[in-house]
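Visitor: I am new to this structure and would like a close look at a single part of it. Could you take me slowly through the surroundings of the ligand?

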Amino acid sequence: MALICATFFSKTTQQTIRDLKKASNADLVELRLDKAEKVNFHKVFSNKTKPVIIACRNKTNGGGFQGTEEQRINLLKKALQYRPEYIDLESDVDKRIIKELRKKAKLIISYHNFKNTPKNLKKIIAEIKKIKPDMTKIVTTANKTEDNLTIFNLLKKNNKLVAFCMGEQGKTSRVLSPIFGSLMTYAALEKNNLTAKGQLTLSELINIYNFKEINKKTKIYGLIGNPVEHSMSPLIHNAAFKEQKINAVYVPFKVTDIKNFIKNFKNITEGFSVTIPHKVTAIKQLNHIEKSAKKIGAVNTIVNNKGRLYGYNTDCIGAIKALETKTRIKNKKILLIGAGGAAKAIATGLKNKGARITITNRTLNKAKKIAESISCDYKPLSALKEIIKGQDIIINATSVGMYPKISETILPKQLLKKVMIMDIVYNPLKTKLIQDAETNNCKTILGIEMFIEQAAEQFKLFTGKKAPKYLMRKLVEKQLR
Ligand code: NAP
């Protein structure tokens, strides 16, 4: 099992003591002494309850220490008197100083690269190994998702190593590197107090990624998209894995080139969710596409079955299931607003269920295309007032009303009379459209219903098990509130 080291800048005595307490869920703490000239180490160390690593970095090594090298070493020596378990020194520190300081604590030798993930890491490790440290730490910067893979391959070939990438793109490795043998990952205590770029918080690692349960047998799933930063999929899939006692982890992958990504990550992953902008382009990378996904022309789920990739579209079944909890669909007159990816999936599902569909969209030509592919009616959005008459159900499948533009709505309130309204936008939980519909006593279906249903279907495809929908829903609601 890999360890979590909580890392924070020690600036004042009181703040350091407070932070030591906040790190109670970590296995170790790293005291960054870059700004600790005035800290009372005696008081700090008498409050320690975990093994401590001390480190002090100057500007070249990504830190904030502004004095001379001699002053930096003296500060570390001062802290060493209180017997921290480890001292972390950079690989370029004078060898005589390393020899002297390691007498007082176990030695971590670290290499940091703030620009990229270079190709010569093997050579760098070989140089560090000559010093015979107790632990070697390799930290590079990921400029692309594939840089994480370089670190995973390095870990597979070296032991006694801590390795991961910094930066937004490197977050993946901060979660996954223990699977490949990293001894430790570093976590911030708070989002606004990071000691390195791309750090996750202690709470995110433990509560979202179930980090303490990750081991070499943990299976990897993920979200392919761009952007992926605000996705709620890691939250719900990881919670579902934990609830079902499945040894798996789900991480976001920010992907620009899907062909390259799949080629490189296929061997270490079991499945993916797919989101904007890859739902259509992903199809070309797959070995088999399920019938309705083929008809829709987009996938949102990929399952890796012994190296063969299978594509599905659970948006379609998710929307239908959400509707069917409130109404029958067969022969219902349904107005579908929108002609993007989600609208196409919903239209296909509605058609299969025997609905009488009319599609409308801001760009009429896109509505026409979908209408022709499933043989249904289409009308311009400007005719909304007319086409709304006699509809049983109206579905908003546009992004209008989505956070942050939460005061917008695709349908004026006065048109919402005696009709069921479904909005697939789930952030905010209750869109303006839903609020207006409720005020006018219309029955409503919220976007979260479809979101949970599509995720539950995805989970079933990934694991063969039933998803804990109540838990997923609770987490999404909490997050959105
Ligand atoms: P998309 O492919 O980008 O399509 C966006 C749709 O919204 C298009 O029809 C677009 O019209 C329309 N639109 C955007 N801005 C508009 C405006 N100002 N006025 C009128 N129409 C506008 O996106 P998508 O994947 O279909 O997703 C659409 C929404 O559904 C998003 O909010 C997404 O988060 C949500 N969604 C929810 C779930 C769920 O499980 N609940 C699943 C998937 C998607 P044009 O064609 O004219 O551009």
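Guide: A good place to begin is the backbone of Ile-424, where a polar atom is 2.8 Å from a nitrogen atom of the ligand; please keep in mind throughout that this is a predicted model. Taken as a whole, the protein covers 78% of the 920 Å² of accessible area that the ligand has on its own.

Oxygen atoms of the ligand have polar partners as well: one such oxygen is 2.8 Å from a polar backbone atom of Ala-342, while at Lys-366 the partner belongs to the side chain, a polar atom of which lies 2.6 Å from an oxygen atom of the ligand. Ile-424, Ala-342 and Lys-366 are listed among the closest residues, together with Asn-361 and Thr-363, in a shell of 24 residues that surround the ligand.

If you then sort this shell by class, you will find 12 nonpolar residues, nine polar ones and three charged ones around the ligand. Looking instead at where the shell comes from along the chain, you can pick out helix H13, which spans 341–352, and helix H17, which spans 447–463, each of them supplying at least two residues. Of the contributions to the shell, that of H17 is the largest share, with four residues. To find these places in the sequence, count from 1 along the chain as it is written, and you can then follow H13 through 341–352 and H17 through 447–463 in the model.

Note on methods. This is a predicted model: local features need pLDDT of at least 70, side-chain atom pairs count only at pLDDT 80 or more; totals for chains, interfaces and linings use all residues. Side-chain values use heavy atoms; hydrogens and water are left out. A residue is near a molecule or strand if one of its heavy atoms lies within 4 Å of it. A polar contact is a pair of N or O atoms within 3.5 Å; within protein, one must be able to donate a hydrogen and the other to accept it, and residues adjacent in sequence count only if both atoms are side-chain atoms. Accessible areas come from the Shrake-Rupley method with a 1.4 Å probe; for residues, only the protein chains shown count as cover. Ala, Val, Leu, Ile, Met, Phe, Trp, Tyr, Cys and Pro count as nonpolar, Asp, Glu, Lys and Arg as charged, and the others, Gly among them, as polar.
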